[in-house]
Amino acid sequence: MSNQPLIMVDGLAKTFILHNADGATIPVFEGLRLEVAPGECVVLAGESGVGKSTLMRSIYGNYLPSRGAVRVLHDGAYVDITRAPPHQVLDVRRRTLGYVSQFLRVIPRISTLQLVMEPLLENGAGPQEARERAEHLLGALRLPKAHWDLPPATFSGGEQQRVNIARSFIRNYPVLLLDEPTASLDAENRAIVVQLVKQALGNGAAMIGIFHDRDVRDAVATKLFSVSEYKAAA
Amino acid sequence: MNAIPQAIEAAPLLRVDGLTKWYGHVAGCRDVSFELRRGEVLGVVGESGSGKTTLLNCISGRLPPSSGTVEFDTSRFGLTDIYGLNEPDRRRMQREEWGFVHQNPRDGLRMRVSGGANVAEPLMNLGNRHYGKMRSATVEWLQRVELDTRRIDDKPRNFSGGMQQRIQVARNLIHGPRLVFMDEPTGGLDVSVQARLLDLLRELVRDLGLAVIIVTHDMAVARLMADRLIVMKDGFVVETGLTDQVLDDPQHAYSQLLVSSVLQI
């Protein structure tokens, strides 16, 4: 396994400009630099409001940074997420860059099993293989079998979160962004997620995470990263 | 790493350049340029009067622009300016390679013939004459859009609005188009019917690998369907980008207003 970083964030700045609030500007961070190598799990530290989620979303291409670059190793070459055309960003997201958010975006009428299988099917896996992997993960995450054929719209917060986790760990994304994936889980389920994370790290994934539970953070972090060091002047 | 086929190829299927349409001294759309790739879904959003429908009509060969070009990668001539083609060739290309789903099913269906005939007609227009084959293709498509095939001979007016819209969708997909235009396809439907149709459209688009240009003023529809968005105001494109980026971190004052005006439930 080469130790070439899978993510290189360089000189990243983000300032929100609210045009409909008299052009108010909200500077978040500037000059931010971060590299993550295979097998590393960098945990973002700092109190809430410091810009951890903003950084995470900027790396995913969900927010548009004001300056700087986010380079992700994709097909052996670095793609700058902040400048790549939409179809290329989508391709990087489909094959390289996974994102586990706190919330599941529910699509009406699609069953839990289908939802979890989707990322594998989109990457060319056969339905049989995808189904087996999905059932295995949902079982490991202890989601009751009776739920598997239902759309997750009516599930509890913790159940939806487990569906989301299954969906993100069903394939081995080389890079994973974890935005409080354990926020509404009990201790036993948190332990299962820790296991999944460690397994992925062992396989050479690079991760950036936000965790508020100290036990999870201590168990998975290889490095802490303080976003507040790059706080932009207001 | 296993080798995975690229779902979206690099060559453009459609290239729009400097498209402008004047109605007298009023601009419908001004200087619009973009490219669309195979399998890509482009959403066009903006309030009424922003030029969305003018743009869609110009691109789909239904309204000649005042200036600018619309090039499509036709199967017969390669990448060609569609307004440079003669009328019969352009019509043939529209019939063979495109679909157009209207907001009002009455604009897209022939109300005097049966639902089944509406679905089968594009096949006849392409020269199919084998009645049995067309009938079985029609039955298959009625099933794909979740309509009761026993009603194949009913007239469109005897179907509900949501069902009429699904007949229209089947009619526009049965001939295997590569590019489908949709003008507020869920606009006139109530919410539960809308969700079902959207879901169906989303699945079909993905399964068939269609390129789609969908005009909508509904941000939820845009988020569910589109890979990327064009935001229009006063005929101009004010912002473009990845759908979730435009909706979650809009840059232009008007996009910010548009997104912040959505009611939460």
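**Helix α10 of chain B**

Begin by selecting helix α10 of chain B: the cover over its buried residues includes β1 (7-18) of chain A, together with β3 (41-45), α8 (219-225), β9 (228-233) and β10 of chain B. Helix α10(B) spans residues 253-260, and its buried residues are Tyr254(B), Ser255(B), Gln256(B) and Leu258(B). Here buried means under 20% relative accessible area, exposed over 50%, and partly exposed in between, with a 1.4 Å probe and protein chains only. Helices (H or I, at least four residues) and strands (E, at least two) are DSSP runs, numbered from the N terminus.

The model is predicted: local features need pLDDT of at least 70 and side-chain atom pairs count only at pLDDT 80 or more, while totals for chains, interfaces and linings use all residues. Residues are numbered from 1 along each chain as its sequence is written, chains are lettered from A and ligands numbered from 1 in the order in which they are written, and side-chain values use heavy atoms, with hydrogens and water left out.

**The six-stranded sheet of chain B**

Next, select β3(B), one of the elements covering α10(B). Because 5 of its 5 residues are buried, β3(B) is largely enclosed by the rest of the structure. Val41(B), Gly43(B) and Val45(B) point one way from the strand, and Leu42(B) and Val44(B) the other way.

Now add the partner strands. Strand β8 (residues 211-215) of chain B runs parallel to β3(B) and is joined to it by 4 bridges, with Gly43(B) opposite Ile214(B). Strand β9(B) is also parallel to β3(B), again over 4 bridges; there Leu42(B) stands opposite Arg228(B).

Extend the selection to the open sheet of 6 strands, whose order is β6-β7-β8-β3-β9-β10 (chain B), with mixed pairing (two strands pair if DSSP finds at least two bridges between them). At its edges stand β6 (98-101) and β10 (236-242) of chain B, each with a single partner strand, so one side of each has no neighbour in the sheet. Neighbouring strands are turned by 15 degrees against each other on average, direction ignored.

At the β6 edge, β6(B) and strand β7 (residues 179-183) of chain B pair in the parallel sense over 4 bridges. Phe100(B) has Phe181(B) in β7(B) as its bridge partner. Helix α6 (residues 161-173) of chain B packs on the sheet, touching β6 and β7 of chain B, and its direction makes about 170 degrees with that of β6(B). Contact means heavy atoms within 4.5 Å. Axes are lines fitted to C-alpha atoms, for helices over the stretch in contact, and angles run from 0 to 180 degrees between N-to-C directions.

**The four-stranded sheet and helix α1**

Move to the open sheet of 4 strands in the order β2-β1-β4-β5 (chain B), where the pairing is antiparallel. Its edge strands are β2 (26-37) and β5 (78-81) of chain B, each pairing on one side only. The twist averages 20 degrees from one strand to the next. Strand β4 (residues 67-74) of chain B is joined to β5(B) by 4 bridges, and Phe72(B) has Thr80(B) in β5(B) as its bridge partner. Helix α1(B) packs on this sheet, touching β1 (12-23), β2 and β4 of chain B, at about 125 degrees to the direction of β1(B).

Select α1(B), residues 52-59: 7 of its 8 residues are buried, among them Lys52(B), Leu55(B) and Cys58(B). Just after the helix, Gly61(B) takes a positive phi of about 80 degrees.

**Helices α4 and α5 of chain B**

Select residues 115-125 and 131-144 of chain B, helices α4(B) and α5(B), which pack at about 125 degrees with their axes 9 Å apart. They are therefore oblique to each other (angles under 35 degrees count as roughly parallel, over 145 as roughly antiparallel, 65 to 115 as roughly perpendicular and the rest as oblique). The contact involves Gly116(B), Val119(B), Ala120(B), Leu123(B) and Met124(B) of α4(B), and Met134(B), Ala137(B), Thr138(B), Trp141(B) and Leu142(B) of α5(B).

**Two single residues**

Select Arg202(B) in helix α7 (residues 191-208) of chain B. At 16% relative accessibility, Arg202(B) counts as buried. Leaving aside neighbours within four places in sequence, Arg202(B) is in contact with Ile107(A), Ile110(A), Glu118(A), Leu224(B) and Met225(B).

Finally, select Val227(A), in the segment after β9 (223-226) of chain A. Val227(A) has 0% relative accessibility and so counts as buried. Its C-alpha atom is separated by 6.8 Å from that of Gly51(A), 176 residues apart along the chain. Not counting residues up to four places away in sequence, Val227(A) touches residues including Phe29(A), Leu44(A), Gly51(A) and Lys52(A).
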